[in-house]
Structure formats: C-alpha cells, structure tokens
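Work through the exercises below with the coordinates loaded. Try each task before reading its solution.

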Amino acid sequence: MERSDEKGNLAQVRHVVLVLSGKGGVGKSTLTTELALALRHAGKKVGILDVDLCGPSIPRMLCVGRQDVHQCDAGWVPVYTDAQKSLALMSIGFLLENPDDAVVWRGPKKTALIGQFVSDVAWGELDFLLVDTPPGTSDEHLAVVENLRKHKVDGAILVTTPQAVSTGDVRREITFCKKTGLRILGIVENMSGFVCPHCSECSNIFSKGGGEELAKLSGSPFLGCIPLDPQLSTSVEEGKDFIQAFPESATFSAISHIAQAVLANIAAA
Amino acid sequence: MADVPSDAPEHCPGTSSVEAGKTSACQGCPNQRICASGAARTPDPAIEEIKQKMASVKHKILVLSGKGGVGKSTFSAQLVYGLASDTSTEVALLDVDICGPSIPKMMGLEGEQVHQSGSGWSPVYVEDNLAVMSIGFLLSSPDDAVIWRGPKKNGMIKQFLRDVDWGELDYLIVDTPPGTSDEHLSVVQYLSGAGVDGAIIITTPQELSLQDVRKEIGFCRKVKLPIIGVVENMSGFVCPKCKNTSQIFPPTTGGAEKMCSDMQLPLLGQVPLDPRIGKSCDEGRSFLSLEAESPAAAAFSSIIQKIRQYCKDGVEDGSPD
C-alpha cells in the first residue's frame with residue numbers, strides 16, 4: 001500500500017486516464033477535450049496533461065491561447081480555463097515564446113520534460129486527470145507510463161477511425177498497453193459516418209465498423225461511435241464549448257454516452 | 001561507435017548527441033568518458049556511405065506534416081503510383097514511420113517479407129518499377145508493436161538508407177510520421193551528404209492542422225530543406241446524393257491557401273474528401289487507377305505533375321536541391 005505523500009503532486013488526483021492511439025489525426029485531442037468538458041459539466045474537477053510536445057492541440061481547443069506558466073512551492077501551477085478552477089491544463093504550448101516555434105527535440109529531451117510534467121505540476125485536488133498523447137508507441141508513451149508507475153492509473157481509452165489503416169496501428173497500441181500493464185478502458189470509433197446537413201444522406205467517408213470489430217478482436221470494451229460533425233470541428237478550432245453549444249446534437253449524445261461508459265468502467269474496477 | 005552501444009544504459013541519449021556523456025542516464029556507463037570528451041561525436045560515417053548509395057537515385061523527396069492523420073501516407077502512395085505509371089520511371093517508397101507503418105497495407109503488400117542478399121536488403125516490389133521498404137515487412141504479426149526510443153529508431157532509419165539495395169532510381173519518396181523529432185532529424189541528417197530535392201508538406205484546411213504544419217515549415221527552414229509546396233487534403237466533401245459541398249474540416253483561418261500566401265510557399269493543390277480514397281488504401285489498391293475520372297484523382301494527378309516539373313527544373317537549373 002503506497003503512502004499518499006509518496007505520490008507528490010498527484011496525491012489528490014483521484015483518477016488518471018490516458019487517451020491513446022497508434023494512429024495520428026483520429027481525434028485523441030478532440031476526445032480528450034470533449035470528455036473533459038463532459039466531466040466538468042457533470043460537476044467533476046478535471047485536469048488535462050498534454051504530452052504531445054511536437055503538436056500540442058489542447059490549448060487552442062480550450063481557447064486558452066498564450067499563457068505564462070507560474071511556479072509555486074510545489075512546482076508549476078497549471079493553467080485554469082475558468083475562474084472556478086474546474087478545468088486545469090498543462091501543455092508545452094504554454095512554454096513556447098512563439099506558438100509557431102517548432103519543438104525539434106530527440107527522445108531523451110522529450111522524456112525529461114514529460115517526467116517534469118508528470119511530477120512537477122501542482123494539480124491540487126482533481127477528480128480526473130486526462131493525459132492526451134501524440135500518436136505512436138515511443139518516448140512520450142514510455143515516459144508517461146514510467147513516471148506514472150508510482151500512481152494508480154485507471155487505464156487508457158484508445159481512439160480509432162473506422163478504416164483498416166487506422167485500426168492496424170491501434171492494434172499495435174493495444175499491444176503496448178498489454179506490455180506495459182495498462183488497462184484498456186475501451187475503444188472509441190471516431191469520424192464514424194457523416195450525415196449530410198442538406199439531405200441527411202449518411203456517407204461513410206472513412207469506412208464504418210472498424211472500431212467495433214477491433215474491440216471484439218482484442219476483447220476490449222467498445223465505448224461507442226462519434227460521427228463526423230463540422231460543428232464539432234469548428235467548436236474545437238475556435239475553442240468553444242461544444243457540449244454547451246449543441247446539447248441536442250447526435251454528436252453530443254455520442255460523447256455523453258462514452259463519458260458514462262468510461263465512468264462505469266472505472267467504477268467497476 | 002554505434003549510436004547506442006550495446007552496453008549503454010536504458011536512457012542513453014545516443015553517442016552523437018550533444019548531451020552524450022552528460023545526462024544523468026550516462027552515470028556509470030562504461031562509455032561515459034569517451035562520450036563526454038566529444039570523441040564519439042565525429043561525423044557519422046554512415047552519412048558518406050549513404051551518399052554513395054544514393055548516387056544512383058536521381059530525385060529524393062520527403063513527405064512531411066507536423067500533424068497526424070492528414071494523409072501523408074495516402075498522398076505518398078498515390079504519388080508513387082502516379083510516378084510509376086510511366087513504366088520507364090523507376091520509383092521507390094521508403095516508409096520511416098517506425099511506430100505506425102501504414103505503407104505496406106496501402107500498397108497491397110501486407111505479409112510480405114524482406115530478403116537479405118550480398119548487396120543488402122531487397123525492397124519489396126509492387127511492380128517491376130515500384131519498390132517499397134517499411135519496418136512493417138520486418139514484423140511477424142499485425143499486433144507487433146515497435147516500442148522503441150529515439151536512438152533505436154534512428155538506427156533503423158540509418159539501415160534503411162544505407163543497407164537497402166535500391167538500385168537505379170528516378171525517384172525515392174520518403175514517407176514520415178507526424179512531428180519534428182528523431183525520425184525527421186535522422187532522415188535529414190543521414191541524407192545531408194546525398195542531398196534532398198525537397199519536401200512536400202501535407203495539411204488539412206483546419207487551423208488545428210495548420211498550427212502544427214507551420215512548425216514543420218519552420219523545421220524545414222531551420223535544416224535548410226527546400227519546400228516543393230503544400231498539399232491541402234480533405235478539402236471539402238461533395239455529397240454523392242445531393243451534390244452539395246460540406247466543409248467537414250472547416251478552414252476557419254483561411255486554410256492552406258492563406259497559410260501559403262502568408263509564408264510565401266506554393267500551394268500545389270487541394271484534394272477533396274472521397275470515401276473511395278480510404279477504401280482503396282484499406283484494400284491496398286491505387287485510387288488513382290481505380291477512380292481516374294474522380295475530382296480527387298484529377299487533383300492528385302495535377303499535383304504529381306507539378307512535382308515532376310519541379311524535379312525536372314531542378315536538374316535543368318543545375319541546382320542540386
């Protein structure tokens with residue numbers, strides 16, 4: 001049994017969930033953002049740790065723009081998206097002088113910063129810490145898993161699009177989870193069909209059903225499908241709260257369902 | 001000395017890194033003193049070896065994006081299919097996405113294995129004039145994960161460039177993973193002796209892509225890699241039923257067109273979303289051949305022609321890159 005003072009800055013974080021995919025561009029950051037907003041709307045205190053050092057998307061998605069990061073005795077103070085401090089965020093995006101500056105780092109330097117992000121951010125009391133990751137199974141992923149070993153990680157959500165090219169990479173991410181002892185909370189199939197706003201015809205632009213098949217193949221829970229939705233794309237582009245703006249949409253319903261499934265899986269552990 | 005010697009500790013930064021011998025991971029390593037003295041950081045002899053190997057390759061092109069999932073591999077596949085449609089043109093595709101190698105599937109080569117011969121590794125041939133190399137061919141199962149840190153990935157990329165028996169090539173296209181990290185630095189470093197004609201940058205219309213792509217453009221400029229131009233993928237979707245266009249990934253900040261104008265780069269073309277592209281990729285077939293009459297195929301073909309012209313102009317100028 002670990003003593004809570006050994007966990008340092010994560011001592012008061014109740015649940016840690018990683019958002020992974022072997023594949024790029026499937027919507028990990030979008031899902032992380034929407035899950036965080038859904039959990040916040042359900043009254044939870046949420047933090048997001050963005051460990052995508054080369055392509056940090058979360059600051060824009062939450063409309064926090066250019067922020068200075070301050071230090072306190074316990075380490076870095078996260079950036080809060082609101083005065084109530086219900087949603088906290090840490091990303092390399094805040095440490096760059098110019099947002100267009102490329103972070104051209106090899107593995108060891110990325111590993112070192114991620115170690116600091118995990119241990120040295122003064123998160124305080126959180127119900128959920130969501131960790132958004134870049135695609136792949138490399139330095140960033142190993143760094144996060146190794147640095148979180150002292151703390152209990154509830155598990156990982158894997159995001160895929162329906163196509164075989166995507167599920168092919170996510171299968172490898174499933175192997176990564178098994179090898180590193182990371183529990184798979186479930187698989188989300190994103191960009192699952194597009195309903196034409198003019199005539200309501202559904203087009204499977206990136207195929208359909210691959211995520212659900214992958215869940216069956218790997219024995220993982222299937223959390224649900226999210227459709228392609230230009231309103232969701234615009235919301236995350238502009239840093240708007242999609243959940244608040246479009247509560248009647250099929251997309252909101254899908255995200256809500258996924259959030260409930262994640263909460264249920266965590267509670268069942 | 002190997003970039004990561006066999007007796008190095010787990011977090012070895014690599015013997016040619018500026019941090020060699022100086023990181024906390026180096027404590028206790030038998031090579032620490034040599035690394036800290038800088039003796040290990042002599043120019044990698046592989047650069048010259050690769051220059052020799054690449055002497056038989058006329059044009060080398062990198063396909064890059066800061067952003068994942070914008071269609072780099074999809075574009076690379078259509079590019080090589082398009083270039084190789086002229087059977088007198090010798091083309092090869094090198095996939096340096098070590099963690100997520102999509103190219104074998106897209107080229108219909110899943111399950112193929114690589115063979116070794118006296119002259120090195122043989123790439124896998126799609127057609128007589130179209131060869132492919134990917135780590136995907138070295139994995140025995142679709143579930144195998146390549147869980148490697150940077151230095152090991154760099155070693156693999158070096159082998160791909162140095163040890164594959166490409167033969168005489170008109171074009172070597174290098175498909176990369178998203179980002180600006182080990183793979184990108186290594187490819188540029190190892191090809192620094194041989195010279196690269198240029199990079200094609202892939203984006204989608206959204207600002208979330210463009211913000212990462214600007215970083216990639218910054219990377220290219222920093223390492224003096226010429227940029228052939230930018231391709232905007234997933235640029236609108238025409239509903240097959242009612243023919244109305246929807247911007248599924250809306251260009252909220254002006255899309256690639258504005259970015260290219262701001263950064264003074266050529267916009268090579270815009271490719272619309274078409275479900276048949278993804279389907280062809282999943283089935284390992286050439287979208288360009290299967291759906292030659294489609295607007296997306298026309299867009300790809302126009303872009304490929306511009307790339308051919310760029311390479312031809314480069315040769316006529318006498319400028320190497």
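The exercises that follow use a predicted model.

**Exercise 1. Overall form of chain B**

Task: State how many helices and strands chain B has, and decide how its radius of gyration compares with the globule rule.

Solution:
- Step 1. Count the elements. Chain B holds 11 helices and 12 strands.
- Step 2. Take the radius of gyration. For chain B it is 20 Å, close to the 20 Å that the globule rule gives for 321 residues, so chain B is as compact as a globular protein of that length.
- Step 3. Add the extents. The C-alpha trace of chain B spans about 70 × 45 × 45 Å along its principal axes.
- Step 4. Check burial. Of the 321 residues, 60% count as buried.
- Step 5. Look at contact range. Take contacts in chain B between residues at least 6 apart in sequence: 74% of them join residues at least 24 apart.

**Exercise 2. Surface and charge of chain B**

Task: Find what share of the accessible surface of chain B belongs to carbon and sulfur atoms, and how far apart the mean positions of its positive and negative charges are.

Solution:
- Step 1. The accessible surface of chain B is about 12,700 Å², and carbon and sulfur atoms account for 49% of it.
- Step 2. Chain B carries 29 positive and 40 negative charges. Their mean positions lie 6 Å apart.

**Exercise 3. The faces of a helix**

Task: Sort residues of helix 6 of chain A into buried and exposed, then explain the pattern.

Solution:
- Step 1. Helix 6 covers residues 210–218 of chain A. Its buried residues are A:Gly210, A:Gly211, A:Leu214, A:Ala215 and A:Ser218.
- Step 2. Look down the axis. The buried residues of helix 6 fall within an arc of 140 degrees, so they line one face of the helix.
- Step 3. Recall the geometry. An α-helix has 3.6 residues a turn, so residues three or four places apart point the same way.
- Step 4. Turn to the other side of helix 6. A:Glu213 and A:Lys216 are exposed there.
- Step 5. Find the cover. Over the buried residues of helix 6 lie, among others, strand 8 (155–160), helix 5 (164–180), strand 9 (184–189) and strand 12 (222–225) of chain A.
- Step 6. Read past the end. A:Gly219 follows helix 6 and has a positive phi, near 70 degrees.

**Exercise 4. Contacts across chains**

Task: List the contacts of A:Thr111 and A:Asn204, leaving aside neighbours within four places in sequence, and classify the burial of A:Thr111 and A:Asn204.

Solution:
- Step 1. A:Thr111 sits in helix 3 (residues 107–119) of chain A. Its relative accessibility is 13%, under the 20% cut-off, so A:Thr111 is buried.
- Step 2. A:Thr111 contacts A:Asp139 and A:Ala143, plus B:His11 and B:Arg149.
- Step 3. A:Asn204 is in the loop between strand 11 (202–203) and helix 6 of chain A. At 33% relative accessible area, A:Asn204 is partly exposed.
- Step 4. A:Asn204 contacts A:Gly193 and B:Pro275.

**Exercise 5. Positive phi outside glycine**

Task: Locate A:Cys63 and B:Lys224, and say whether A:Cys63 and B:Lys224 are buried or exposed.

Solution:
- Step 1. A:Cys63 has phi near 55 degrees. A:Cys63 lies in the loop between helix 2 (58–61) and strand 3 (71–72) of chain A.
- Step 2. At 53% relative accessibility, A:Cys63 is exposed.
- Step 3. B:Lys224 has phi of about 60 degrees. B:Lys224 lies in the loop between helix 7 (207–222) and strand 9 (227–232) of chain B.
- Step 4. At 71% relative accessibility, B:Lys224 is exposed.

Notes
Residues are numbered from 1 along each chain as its sequence is written. Chains are lettered from A and ligands numbered from 1 in the order in which they are written. This is a predicted model: local features need pLDDT of at least 70, side-chain atom pairs count only at pLDDT 80 or more; totals for chains, interfaces and linings use all residues. Side-chain values use heavy atoms; hydrogens and water are left out. Helices (H or I, at least four residues) and strands (E, at least two) are DSSP runs, numbered from the N terminus. The radius of gyration is taken over C-alpha atoms; the globule rule is 2.2 Å times the number of residues to the power 0.38. Buried means under 20% relative accessible area, exposed over 50%, partly exposed in between (1.4 Å probe, protein chains only). Contact means heavy atoms within 4.5 Å. Accessible areas come from the Shrake-Rupley method with a 1.4 Å probe; for residues, only the protein chains shown count as cover. Lys and Arg count as positive and Asp and Glu as negative; His and the chain ends are not counted. The place of a charge is taken as NZ of Lys, CZ of Arg, CG of Asp or CD of Glu. The arc is that of the directions from the helix axis to the C-beta atoms.
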